[in-house]
Amino acid sequence: MYWLRPMVVDGESMEPTYAAHGFNVCVLTAYRSRPPERGDVVVLKYGGTRYMLLKRVLAFEGETVSFSNGVCVVDGRPLDEPYVVKNSGWTVPARTVKPGHVYVMGDNRSVPFENHVGGEISLARVAGRPLW
């Protein structure tokens, strides 16, 4: 099932991968048979069905995630993130992702951490994935 809906991209936090406030087609059945994988861009239910966000999956339940000088570190190893074009000097303390949750963040890391909508979210909020 496909759903044509404006996917609100949280400010510029997914640029240049996705343009802010663009229109994308969402595949609602994408994660019914399997959970999202690390690096997947997912559509998140944020404020009902009229407001959705696009974010990238970085870590899963039981994993420890942090940022050190702008580099995402999962279980002590830096992630290879070729999609991050604009980086910053984020330093965020380590936290362990709770059961039934994933850790998501936008691709544009030049936006201050405090201005991002992301972090640990319930898998129940994952609505699908963008088709393009």
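The following passage describes the confidence, strand pairing and nonpolar cores of a predicted model.

Local features were required to have a pLDDT of at least 70 and side-chain atom pairs a pLDDT of 80 or more, whereas totals for chains, interfaces and linings use all residues. Residues are numbered from 1 along each chain as its sequence is written, and side-chain values use heavy atoms, with hydrogens and water left out. The mean pLDDT (the predictor's confidence in each residue, from 0 to 100) is 81 for the chain, and 77% of the residues score at least 70. Among the strands (DSSP runs of E, at least two residues, numbered from the N terminus), β1 (residues 2-6) has the lowest confidence in the chain, with a mean of 48, and β7 (residues 77-78) the highest, at 96.

An open sheet is formed by four strands in the order β7-β6-β5-β8, with antiparallel pairing (two strands pair if DSSP finds at least two bridges between them). Strands β7 and β8 (92-96) lie at the edges with a single partner strand each, so one side of each has no neighbour in the sheet. Four antiparallel bridges link β5 (residues 64-68) to β6 (residues 71-74); S66 has V73 of β6 as its bridge partner.

The largest nonpolar core (buried Ala, Val, Leu, Ile, Met, Phe, Trp, Tyr and Cys residues joined through side-chain atoms within 4.5 Å; buried denotes under 20% relative accessible area, 1.4 Å probe, protein chains only) comprises 14 residues, and L58, V65, F67, C72 and Y103 have the most contacts inside it. Two or more residues are given to this core by each of β4 (52-60), β5, β6 and β9 (101-105). A second, separate core of 11 residues includes Y31, L44, L53 and V102.

Note on methods
Buried means under 20% relative accessible area, exposed over 50%, partly exposed in between (1.4 Å probe, protein chains only).
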